[in-house]
Amino acid sequence: MILDVFALFGFFTFIACFSSAVEESEVCSDGVCGFNSNEFMKIRPSDLPQPVLFSNWSGPENSTIILPYNNGTLQVVAEGSILQQGLKKDLLSSFFVLPEVVPRSTVAQVLSLLRGPTEGSTSLPLDADPDTVDGMATQEIFLDNDGLRNGEPSKGIEEDFFPRAELRQKVRQLLDPILDEKITPYVRQRYVEQCGEDKNSRSCTPCYSLIRRYRAGERISHAPHHDGHSYVTVVVSLSDYGMEYKGGLYVASEFNRRYFLALSRGDAVVHQGDLYHGVRLLENVSLDADKSTGKAQSSMERWSWILWFRDSRTCEDHSDSWYQSCANQGNPTCQLLHARNRQSSDEVLYWNQQASENGHGAASVKIARAYLKTLPSSLSFDFEKAKNLFQRAVELSNEPDGHYGLAQISLAEASVTKSVPDLNHLVMKALYHLESAAKGGHPFAMFNLGIAHLYGYGYPSGERDPDLAADWFEASGLPEGLFVKSMHLNALGDHKQAEDFKHRASILGFGSEWRKAAREYTGSGGAGGVDLNLPWPVSPYGNKPDAW
């Protein structure tokens with residue numbers, strides 16, 4: 001558990017160094033002074049921003065492109081774009097939607113192979129290893145990757161190899177012709193200057209192919225992220241928006257506004273690594289009725305086929321050069337992604353600093369964590385610089401991780417102050433930032449709002465609200481939150497529903513050997529240096545929250 005040791009070391013270093021710095025710091029220095037009890041709004045998950053469907057299509061919603069097979073076939077294409085983070089307001093990330101690039105009949109055949117005999121079951125168990133974006137069980141199966149091409153297990157871990165090999169072969173017999181005849185030609189035509197057919201050894205090639213499932217009561221989300229490992233990503237929906245799921249794939253703009261794409265069976269989205277995106281199924285909403293039967297599906301489920309392309313016919317990794325040119329031109333998203341592919345810590349720091357200076361909130365957060373020594377760097381501990389960078393992230397893009405960082409700092413200040421008024425003020429400030437982060441979809445913030453309502457933080461009269469706490473634990477979607485929700489239901493005597501939540505927590509990794517280390521490695525979305533367990537002071541009831 002090396003990751004645990006380093007994460008804990010970094011956190012305690014932060015607290016130890018912090019206590020000597022707090023006396024030199026102004027309590028009201030980040031633009032949110034003058035709190036009182038009324039400013040803890042006690043919002044509910046139902047108060048979070050409502051989902052919005054993407055509608056900002058470029059020009060006519062649909063155009064056509066000729067694909068080079070069968071003497072030329074017309075493919076409808078819709079182009080969309082979103083504004084990237086940054087001081088310049090003309091930097092866009094584009095994506096392209098290809099309706100029904102996979103025929104609905106083929107999708108139905110693929111799903112019949114993947115689904116099991118009973119509702120919600122699968123023909124073979126899906127992978128349950130930790131995801132590199134959010135540290136929860138992946139719920140996926142690879143059809144092609146480096147390991148499989150070498151005759152090895154898909155992830156270098158034990159799997160039921162021969163039954164999976166048979167399943168992969170059957171699914172690939174259905175999908176490979178579409179990949180070869182439609183999707184790959186489109187990618188090479190769309191990005192012809194970067195990795196077109198005439199680039200020979202550097203033509204875009206599908207190097208990774210996998211199928212992933214999201215299902216109500218199990219995994220419902222994938223934290224927002226960039227596909228920094230993929231030159232071009234293609235996501236094909238194997239489910240119908242409205243009838244089988246709501247929510248689904250979203251793209252995120254410069255202020256972390258989320259716009260969902262209403263994808264139906266066979267629709268593909270094509271984009272590069274600069275597109276900030278994620279997945280979230282919307283639970284507790286009704287599905288549309290099937291027009292043929294007049295009945296609605298009882299449980300929400302979304303399947304997708306995901307392809308990651310590299311600019312190499314032999315799948316060599318050239319990611320160290322992908323973003324170099326646009327990074328040198330001052331694009332902060334490119335600078336953030338270029339930093340990920342640097343080998344030396346000094347280069348990583350330099351390019352994150354460039355991205356921060358050019359207006360990228362996530363880069364500001366990373367440098368702030370480096371100053372707190374929860375991310376490795378050559379920087380010396382500097383509480384004030386970290387605080388200013390978190391604030392900068394909030395001001396630049398309303399960055400949820402910026403709000404969460406300010407909440408962490410306020411609670412750390414509260415843990416060492418000897419003044420009761422200052423302590424109350426700092427706790428209120430932390431709650432303000434947690435609510436702000438939750439509005440941006442931050443799962444760690446949602447979990448800690450559950451802690452606040454359960455332990456009475458922000459309740460001046462000494463009361464608390466376990467029911468609202470349970471709602472926030474559930475809304476977080478984290479396995480830890482789902483487990484606490486099950487404890488609440490057990491306390492209410494609802495043992496059946498409690499068992500359901502406990503089972504769901506287990507599916508996502510709660511109680512596994514890897515979950516805590518994976519959570520600390522990924523944070524709330526692919527970048528570590530942040531802890532789910534905030535440094536809460538003693539509660540109004542005289543105790544402190546348990547560590548998870």
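**Entry 1: α13 and α14**

I began with the side chains and backbone where two helices touch: L431, L434, E435, A437 and A438 of α13 meet A445, M446, N448, L449 and A452 of α14. I sorted these contact residues by class and got eight nonpolar, one polar and one charged. I note for the record that I am working on a predicted model.

Next I looked up the geometry of this pair. Helix α13 covers residues 420–439, and helix α14 covers residues 443–455. Their axes come within 8 Å and cross at roughly 140 degrees. Angles over 145 degrees count as roughly antiparallel. The crossing of α13 and α14 is therefore put down as oblique. I also checked the hand: α13 passes α14 in a left-handed crossing.

**Entry 2: α8 and α9**

I turned to another helix pair. Helix α8 runs over residues 332–340 and helix α9 over residues 345–357. I read an angle of about 165 degrees for their packing, with the axes 8 Å apart. I therefore list α8 and α9 as roughly antiparallel to each other. The hand of the α8 and α9 crossing is left-handed.

Which residues of α8 and α9 meet? On the α8 side I found P332, Q335, L336, H338 and A339. On the α9 side I found V348, W351, N352, Q354 and A355. By class, this contact has six nonpolar and four polar residues, and no charged ones.

**Entry 3: cavities**

I then went through a search of the whole structure for enclosed space. How many cavities of 30 Å³ or more does the search find? It finds three. I followed up the largest cavity, which holds about 460 Å³ of space.

I counted the lining of the largest cavity at 36 residues. Nearest its centre lie P224, Y276, A362, E399 and D401. I then asked which elements give two or more residues to this lining. They are β3 (73–83), β7 (221–225), α8, α10 (361–371) and α12 (400–416). Helix α8 is thus on my list again, having turned up in the contact with α9.

Which element gives the largest share of the lining of the largest cavity? I noted α10, with four residues.

Last, I looked at the make-up of the cavity wall. The lining of the largest cavity has twelve nonpolar, 16 polar and eight charged residues. For the helix contacts, I had written down one charged residue between α13 and α14 and none between α8 and α9.

Note on methods. Residues are numbered from 1 along each chain as its sequence is written. This is a predicted model: local features need pLDDT of at least 70, side-chain atom pairs count only at pLDDT 80 or more; totals for chains, interfaces and linings use all residues. Side-chain values use heavy atoms; hydrogens and water are left out. Axes are lines fitted to C-alpha atoms, for helices over the stretch in contact, and angles run from 0 to 180 degrees between N-to-C directions. Angles under 35 degrees count as roughly parallel, over 145 as roughly antiparallel, 65 to 115 as roughly perpendicular and the rest as oblique. A crossing is left-handed if the near helix is turned anticlockwise from the far one by less than a right angle, and right-handed if clockwise. Contact means heavy atoms within 4.5 Å. Ala, Val, Leu, Ile, Met, Phe, Trp, Tyr, Cys and Pro count as nonpolar, Asp, Glu, Lys and Arg as charged, and the others, Gly among them, as polar. On a 1 Å grid over the protein atoms alone, a cavity is a set of points where a 1.4 Å probe fits but cannot get out, and a pocket is an open set with protein on both sides within 12 Å along at least five of seven lines; lining residues have an atom within 4 Å of a point. Grid points are joined across faces, edges and corners, and a volume is the space filled by probe spheres set on the points.
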